[in-house]
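Reader: I am new to this structure and would like a close look at a single part of it, the place where two helices cross. Please take me through that part slowly, and then show me what lies around it and elsewhere in the model.

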Amino acid sequence: MKTKLILPIVLLLFMGSCITPDYLPSTSTIDINEHGSYIKLTNKTKPNFNGELIAIDTTLLIVLNEETGKCDTAFISEIEYFKLRYAKPKHYAWTIPVFSLLTITHGFYALYSMPVNLIVTISVTVSGEKAFQYSEDDMTYEKLKMFARFPQGIPPNVNLDTLK
Amino acid sequence: MNTMKNPTIQGLLLAIIIFGAIACNTYFHSFRSNYDNANSLIHETKNLQTKPFLKAHLKNGDVCILQDTWVIDTAVNTVSGTGSQFDFNRRLVYQGALTIQIDSVAIFETNTKLQNTEAERIRALSILAGLDLGLGLVCISNPKACFGSCPTFYFDERDNFHYADAEGFSNAISPSMEYFDIDALNTKTITGNTLDLTMKNEALETHCVKSVNLLSYPIQDGERVFQSPNNTFYLCEKPLELVKAHGPEGNITELLQKEDRLERFSLSDEHNLSSKEELILDFDNLNSSKDLGLVLNFRQSLMTTYFIYSAIGYMGDQVGDIFAKLETDKSAIKKLNGGLKKELGNVDIYVWNESTKSWVYQDGFYETGPIAINRQIIPLQAKEKSQKLKVKLVLNKGLWRLDYAAIAPIKKEVEPLEIQPIQILNKGKKDHKALTAVLDTAKHLISMPGDEYNFQFRFPHANTRYELFLYSKGYYIEWMRESWLQDKNLLKLRQLLENPKKYLRVEAANYKRYETTMEQQFWNSKVDTKSFSYYEN
């Protein structure tokens, strides 16, 4: 019973992770994208939030919250970790059922080929979903600025409440 | 060395290599650069053959994105080019020729194009797809090698077909060919008084199972019970191993001396599939005054499976009509058994008679099926009692796989106790219908591909060591594969049935092609690290 549930659960997880914001560029349009990258913040005490990275200064990080449509701020010292996505990933979840079904033609050998297919297709899917992402392990907050809508910081004439 | 031959390990290694190729795929943030001033931008981009697109983040929050034709005019302190300008909310405010005062720019940004980002993943999937399709094509073109036949039985339900303890009624490919089959299951100590046995359908077939019973006989230390080809059971003393064995290839003693699943087999004759070969076995120190029997552990190669599948393929779209005819015309079945089966022959046993200087025929072993190993005995009719014994096996080349040969002193003929199942579990739940079906001689338990039934048997005594045999009765219906329809050849079918001698010569080249690829791959995938002893699994 448990083993039968694994595949649908894995697929559902991957389907869930397929949703990426429209403003994220594909890898081929990364140099002409006008928006900041998509960031997910896990905070130490405040609720977690995610959205477009607007700006970073020495102490604060500003995000246009995807859910509320308003800007939220987080003190860098209060951030436990972040995940930044700078381009839309390619989705390979379809390969899991398709390749697994292919092994039906292998008869006895499916005993071996199906696990190999599952390992490879799940790995490819996970690696595809995790591509174009950074976390605090990959870069400093100083470098992270480059992926904000305003890498120079919030312009003086811009009111955060008016940002969309 | 053996570990590397394990197909599971090989598969995992392949997966790790492919996964490794994917995991190495990492991109660093160096594709993006920011410049606080025009000078550093000019300096960093002056040697580039192709200019990158330029993003100018203005101090008022706007961003201008210029195509790769932008230029910086240091005299008038501007950057100009063709592009788009977006306001701080990233609404497009202008598109076309742009001239931007450098003083109004907070930060310049360039990006290196990300290229071949998916190459590793696509490569991994391509390799996998290639392997899958290759194996798929081989299996579709030679289904005999990839798809099994008949129900398989396991003491340990986690085992796969390589460790099947028995396979039932392999010859019964239609209702009228239904028969009972008895397979040796080795010895087992029943500590409680129940025993579980799992029956699996691991092939594209419908299995119609009439009976599944255990035959058991309690034994003492050192005793064994062996079954003869005509299903007579003999209580024997511990078998005596052979001292020497040789075949056309040379010394094969090590292959036949132990029950270790290291099997002796040969490839078929490329000109005639019914060519025979001889093996000579020598035994010594036969001190027993009792009658002796030759014990042989054997199973078939995939040759007979190939013939069954070929025959069905030759029937093409008339398979239903022909099988219907088989049901009403018993002569066709007689033709099958008397023709091809007779031509392929048994593993015939001869004993050397020193006084007449001649080989004396004893009997022959025969059991269809390439999966489970059969353990049988043939009582020898040696007139003279001697310390030494020379035995000759005459067998069809490429048809048999032999694991073990020994001489067992026979104590007496015995009658094992037949035990019916008391309960059947289907997916862990009691299946009363299944139990009723196998207990009622007028009914069949229908098992479809992927089905597993766990049979529970109750023994009269606990903590007793038993020699066990499986009694199974039924038949199975092979599922027609679409690809087989193209093989329709009624003339060839007629030849197979009526002139098997010629068929086995004509078909030799086709079988040889199949044998050298799939036969080898199939058996190479055998997991040979698991060993078993005479007395306990």
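**A crossing of two helices**

Author: The crossing of α7(B) and α12(B) is left-handed. The model in which this crossing appears is a predicted one. Two packed helices are described by the angle between their axes and by the distance between those axes. Here the first helix, α7, covers residues 303-315 of chain B, while α12 covers residues 490-498 of chain B, and their axes come within 8 Å and cross at roughly 140 degrees. Since angles over 145 degrees would count as roughly antiparallel and 65 to 115 as roughly perpendicular, α7(B) and α12(B) are therefore oblique to each other.

As for the residues that make the contact, α7(B) contributes B:A311, B:Y314 and B:M315, and α12(B) contributes B:L490, B:K492, B:L493 and B:L496. Sorted by the character of their side chains, the residues of this contact divide into 6 nonpolar and 1 charged, with no polar residue among them.

Another residue of chain B worth a look is B:G338, which belongs to helix α9, residues 330-338 of that chain. Its C-alpha atom is separated by 9.1 Å from that of B:L497, although the two residues are 159 apart along the chain. The surroundings of B:G338 hold 13 other C-beta atoms within 10 Å, and because a residue is buried only with 20 or more such atoms and exposed with 12 or fewer, B:G338 is partly exposed.

Stepping back to chain B as a whole, one finds 14 helices and 31 strands, and of its 537 residues 40% count as buried. Among the contacts in chain B between residues at least 6 apart in sequence, 76% join residues that are at least 24 apart.

Chain A offers a sheet to set beside this pair of helices. In chain A, 6 strands form an open sheet with antiparallel pairing, and their order is β4-β3-β2-β1-β5-β6. The edge strands of chain A are β4 (71-75) and β6 (133-135), each of which pairs on one side only. On average, neighbouring strands of this sheet are turned by 35 degrees against each other, with direction ignored. Following one pairing in detail, strand β5 of chain A, residues 79-85, is joined to β6(A) by 3 bridges, and these two strands run antiparallel. Within this part of the sheet, A:R85 has A:Q133 of β6(A) as its bridge partner.

Note on methods:
Residues numbered from 1 in each chain as written. Chains lettered and ligands numbered in written order. Predicted model: local features only at pLDDT ≥ 70, side-chain atom pairs only at ≥ 80, totals over all residues. Pairing = 2+ DSSP bridges. Helix = DSSP H or I, 4+ residues; strand = E, 2+ residues; numbered from the N terminus. Axes fitted to C-alpha atoms, helices over the stretch in contact; angles between N-to-C directions. Contact = placed C-beta atoms within 7 Å. Parallel < 35°, antiparallel > 145°, perpendicular 65-115°, else oblique. Left-handed = near helix turned anticlockwise from the far one by under 90°. Nonpolar A, V, L, I, M, F, W, Y, C, P; charged D, E, K, R; others polar.
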